[in-house]
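Some questions and answers on a structure follow. Please look at the sequence and the model first.

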Amino acid sequence: MHGGTRAVEHLRLTMTELQVANVRTQVALPAFTDFEITDPAEPGVIAPGPYQEPTLNELLDEVIAWSRALKPLREVTSQAVSA
């Protein structure tokens, strides 16, 4: 699990240099404890522990905030592409 967390930190630095918006909060969700997989052929269901819920909500709030802030840029880009 720690290797994935370290990889995220390295990727965050790279994406920042490329001027890509990113969120600061991160949540490590181990596949063994935080996902319910009943059929390997089907997608599982995320089931984080209650101790992770506040951090997960904070992460989602950051994603929503970035989404709202970048919406005007997406609209301009889509108009330019369709013209």
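A salt bridge here is a side-chain nitrogen of Lys or Arg within 4 Å of a carboxyl oxygen of Asp or Glu. The model is predicted.

Q: Which residue forms a salt bridge with Glu75?
A: Glu75 lies in helix α2 (residues 53-82), and its partner lies in that helix too, four residues apart, about one turn of the helix. The closest N and O atoms of the pair are 4.0 Å apart. The partner of Glu75 is Lys71.

Q: Is Lys71 buried, partly exposed or exposed?
A: Buried means under 20% relative accessible area and exposed means over 50%, with partly exposed in between. The relative accessible area of Lys71 is 44%, so Lys71 is partly exposed.

Q: How many salt bridges does the structure hold?
A: One of them joins Glu75 and Lys71. The side chains of Glu9 and Arg12 also meet in a salt bridge, at 3.5 Å from N to O. The structure holds two.

Q: Why are Glu9 and Arg12 separated by about one helical turn?
A: Both residues belong to helix α1 (residues 2-17). Glu9 and Arg12 are about one turn from each other because their spacing along helix α1 is three residues.

Q: Which class of accessibility does Arg12 fall in?
A: Its salt-bridge partner Glu9 has 37% relative accessibility and is partly exposed. Arg12 has a relative accessibility of 17%. Buried means under 20%, so the cut-off puts a value below that mark in this class. Arg12 is therefore buried.

Q: Where does α2 bend by about 45°?
A: α2 has 30 residues and reaches 40 Å from its first C-alpha to its last, close to the 44 Å expected at 1.5 Å a residue. A proline, Pro72, follows the bend within four residues. The bend is at Leu70.

Q: Which are the buried residues of α2?
A: Residues of this helix that take part in a salt bridge include Glu75, which is partly exposed at 38% relative accessibility. The buried residues of α2 are Leu56, Leu59 and Glu62.

Q: Which residues make the nonpolar surface patch of about 270 Å²?
A: One member lies in strand β1 (residues 35-36). That residue, Phe35, is partly exposed, with a relative accessible area of 33%. The patch is made by Phe35, Ile37 and Ile46.

Q: In which element of the chain is confidence highest?
A: The mean pLDDT of the chain is 86, and 96% of its residues reach 70 or more. Confidence is lowest in α1, at a mean of 85. The highest value, 88, is in α2.

Definitions and conventions
Residues numbered from 1 in each chain as written. Predicted model: local features only at pLDDT ≥ 70, side-chain atom pairs only at ≥ 80, totals over all residues. Heavy atoms only, no water. Patch = residues over 30% accessible without salt bridge, like charges linked within 9 Å, V, L, I, M, F, W, Y side chains within 5 Å. Areas by Shrake-Rupley, 256 points an atom, 1.4 Å probe, with all protein chains shown as cover. Helix = DSSP H or I, 4+ residues; strand = E, 2+ residues; numbered from the N terminus. Buried < 20%, exposed > 50% of the residue type's maximum accessible area, 1.4 Å probe, protein only. pLDDT = per-residue confidence, 0-100. Expected span 1.5 Å × (residues − 1). Bend = angle between axes of the 7 residues up to and from the residue.
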